[in-house]
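Hi,

Here is the structure I promised to pass on. Have a look at it when you get a moment, and my notes are underneath.

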Protein chains: 4
Amino acid sequence: MLKYSRHHQPENTTVEVGTVSFGGSHKPVIIAGPCTVESEEQLLKIAHGVKKAGAHILRGSAFKPRTSPYSFQGLGLKGLKMLQKAGKEVGLPVVSEIMSVEFLEDFLEHVDMLQIGARNMQNFDLLKAISKTKKPVLLKRGMGATVEEFLLAAEYLLEGGNEKVVLCERGIRTFETSTRNTLDLNSLALIKLTSHLPIIADPSHATGRADLVPALGRAALAAGADGLIIEVHHQPSEALCDGKQSLTLEEFGKFMGKL
Amino acid sequence: MLKYSRHHQPENTTVEVGTVSFGGSHKPVIIAGPCTVESEEQLLKIAHGVKKAGAHILRGSAFKPRTSPYSFQGLGLKGLKMLQKAGKEVGLPVVSEIMSVEFLEDFLEHVDMLQIGARNMQNFDLLKAISKTKKPVLLKRGMGATVEEFLLAAEYLLEGGNEKVVLCERGIRTFETSTRNTLDLNSLALIKLTSHLPIIADPSHATGRADLVPALGRAALAAGADGLIIEVHHQPSEALCDGKQSLTLEEFGKFMGKL
Amino acid sequence: MLKYSRHHQPENTTVEVGTVSFGGSHKPVIIAGPCTVESEEQLLKIAHGVKKAGAHILRGSAFKPRTSPYSFQGLGLKGLKMLQKAGKEVGLPVVSEIMSVEFLEDFLEHVDMLQIGARNMQNFDLLKAISKTKKPVLLKRGMGATVEEFLLAAEYLLEGGNEKVVLCERGIRTFETSTRNTLDLNSLALIKLTSHLPIIADPSHATGRADLVPALGRAALAAGADGLIIEVHHQPSEALCDGKQSLTLEEFGKFMGKL
Amino acid sequence: MLKYSRHHQPENTTVEVGTVSFGGSHKPVIIAGPCTVESEEQLLKIAHGVKKAGAHILRGSAFKPRTSPYSFQGLGLKGLKMLQKAGKEVGLPVVSEIMSVEFLEDFLEHVDMLQIGARNMQNFDLLKAISKTKKPVLLKRGMGATVEEFLLAAEYLLEGGNEKVVLCERGIRTFETSTRNTLDLNSLALIKLTSHLPIIADPSHATGRADLVPALGRAALAAGADGLIIEVHHQPSEALCDGKQSLTLEEFGKFMGKL
């Protein structure tokens, strides 16, 4: 019997990250922060801002999966340490994307939650290595992956012994190109029915447009999402990555105020 | 300048159907009823039920666009008259799908709102004929149509002189097959930004599963939809069409109660 | 039992259009001509050119299904008559797209083969009306239609009494946007296995790029296609429609020479 | 300037694997063998068979990327050694899929060509590690990856210093489910125009059906493919993996005879 299924476990799983609880008392859990860690100063400004607005977890990538080898690849370990420091300073747990088993020890030391990105959803080697740890995991759906493949990727983690899995719907690739991807709330709602794992949505990557993030964030929560992950930048037009889809601190504050 | 655009008209258009107003004071407008008109008795039972639950408009197809020529094709004109009668009896305006210019006069006589189905979104002949009437139109997005094509189909109606256009997002076709289609709320939210036309969502066709309809209905409203169209049947397992995606009267009542 | 199926009829159907035979002795059948009939002069130039290069049937639209109401909509009945005249002059049968039952009589009089376009594949009203005639039909697959829906659209024609059906794969809509559509030769080969109807491919619409048309045309024939329909224009850069995907007469001649 | 582009290098790249040359004198290069190495006996039977039929390279996976953690994961290093031995015995170079940097040394020792599978096309860690070797690479397109992403994944290899890159189109994920994937020959032909890298096609994974493999294999070559990779099994119904899409040795022999 598949471990992700409600046939295996009817009641919701809750995943604790520091004092934050996915699928439990905090609903919705809001993860926020910049696409990528750019500098200590940038990160602190954003960290203070999202904390003040009510976010529960700070995000920021230090290792970036970039389509082109010539794009900025992230600050690496240095960026990871900055993230940890910023999280401590503002009192928020931190999550960051891990792309390679090689850096697993560093991630275990410096972050509170590991993110497996959409491009690595079926990097089975990475899944197996992480399944042997006890660190909470945010597993993003591949942009071309079916619900079944998504849940079976989670199964690799559960089967290996790591039960702290939070799923994330981040948009799928469709013929429609007016937005970057298509947020698939059908699948999110279906997964809530069939699986006990918490699931959140990423309206930033799903839409690729800051002006659509609030509407889609609200829609995801209405569909049953246990939380959201949102890109926020103090100066989106200056961001090294994904500026178009980043909310300003002010926009994020307004969005949080309405929740 | 395109007439559907907010550059042409910044403020929202409201479309009146009887005393119901899309994009205006009634928010959300709820259209409900069976997939297809099966008999006077069936229709009246459902009409009374959805009216009691708070629906604003009664739906029911008399002419059915069926993938197979051997599937039930609808009761035709007889069904249209039953729909009109049921609407009058319970005090709800009615909407029904028109598939052919041939029956336009009959539709103008018997229904309060014309529905152009997904398969006919680019039946330009039908669009042009309907653009010459003053009857409110519910224009559904084709399952393989882009946002631009959808809005330009509406433009055929506006350009021809009919400004009473309500759009309907009903799910697009994607690689994901765990649900019948993928409700595209990205596009719905984008259309709210760029067009002044009202837009509703059809969570029944978008999901194909009654157990997902409430969650996706709520999500659509949270994304900014001006209303919903929902299939309701007093005995879904006996329905001649789309039973799997129809709410029972009880389920519909519960859903409406929570709105 | 479905009439399109090889279970119903194991041997290939042949469809005769004038002296040309789809699925029979002419393999491959090449249909060529401009996207749209622009003038008598243009049409004759192209007609003479494609005839000389070895084409079997002349194409040209007089009624155009245009995404925007502001795009050129075709010359209408006048264009249809020009097409007939040009076909007679060069000695080729002609095919043109019919969008509305209203003009069926005119089409029956002026063309040798009716084309049902991708956007009208499920215009059941049109299918039913054409099924009552004896005119050969070229039925194009909808860009968002499954193989099953495509074959069931053909079934509407067969069931109504018109057995002269030639299918046409013209590309489906996918996430890949580097070409206009994605030519689906998997489906073409599958249909050759499961149906006795002839099927051709349209590499012009499938790719949207003249420089890819020859390669995809050859690929379609290698996959089992019974013919091709190719857009040819004497001055593609001046074409009123789809110039980017039109071969010049010289390019078409070269392509035909290599077949 | 991007290194994969014909702007960077107008003439075709040829990639040598043993005495076989992709993009050069051997056209088409045929890679054949079982989905997975099951046993020495199985492998030898198939290796002798495909060699006799004219294949140029032997394939066989020892490490399998399986959607479910409960599916057979391959024989691992033991399987890799069997493959090397079988290749030597019949005189064919061998290619096998590498999923993890951890085993790179073993692959460098035991195989003639590394395969990067569709799920790992954007495993940038793996790409970077392999870019530092001189081993020829077969890079498969991700099933949800665009042409641009595919070519930029190749760029990671080229930029890192490994110029022996052969691309492989293996089908993309679309709404059409009558075949496992949709072979995208539009993209293959487009890549031939824009890139100097050799590209082959995988009709086995693209269709998922043995009865469609020959037609699509021929179509790919007609579209300009430099070769094919085909799954062959002596007893497809007994195969531990992908039996439905495997040709028998007899079918493979017949296919090669017609090339």
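Below is what I found, starting with confidence, then the chain pair, then one helix.

Keep in mind that this is a predicted model. The predictor puts both the ipTM and the pTM of the complex at 0.96. For chain A, the mean pLDDT is 96, with 100% of its residues at 70 or more.

On to chains C and D. You can lay chain D on chain C with a rotation of 180° and 0.0 Å of shift along the axis, at an RMSD of 0.0 Å. That is how a two-fold axis relates two copies. The contacts fit in with this: 100% of the contact residues of chain D recur in chain C, so the same surface serves both copies. If you want to find the axis on screen, go to A219(D), the residue of chain D that comes closest to it, with its C-alpha at 2.1 Å.

The other thing I looked at is helix α9 of chain C, residues 249-258. Which of its residues are buried? They are F252(C), F255(C) and M256(C). Looking down the axis of α9(C), the buried residues fall within an arc of 95°, so they line one face of the helix. What do they pack against? Their partners, also in chain C, are strands β3 (29-33) and β10 (227-231) and helices α1 (40-53) and α8 (213-222). Turn to the other side of α9(C) and you get the exposed residues E250(C), K254(C), G257(C) and K258(C).

Cheers

Methods
Residues are numbered from 1 along each chain as its sequence is written. Chains are lettered from A and ligands numbered from 1 in the order in which they are written. This is a predicted model: local features need pLDDT of at least 70, side-chain atom pairs count only at pLDDT 80 or more; totals for chains, interfaces and linings use all residues. Side-chain values use heavy atoms; hydrogens and water are left out. Buried means under 20% relative accessible area, exposed over 50%, partly exposed in between (1.4 Å probe, protein chains only). Helices (H or I, at least four residues) and strands (E, at least two) are DSSP runs, numbered from the N terminus. The arc is that of the directions from the helix axis to the C-beta atoms. Contact means heavy atoms within 4.5 Å. Copies are superposed by least squares on the C-alpha atoms of residues with pLDDT of at least 70 in both. pLDDT is the predictor's confidence in each residue, from 0 to 100.
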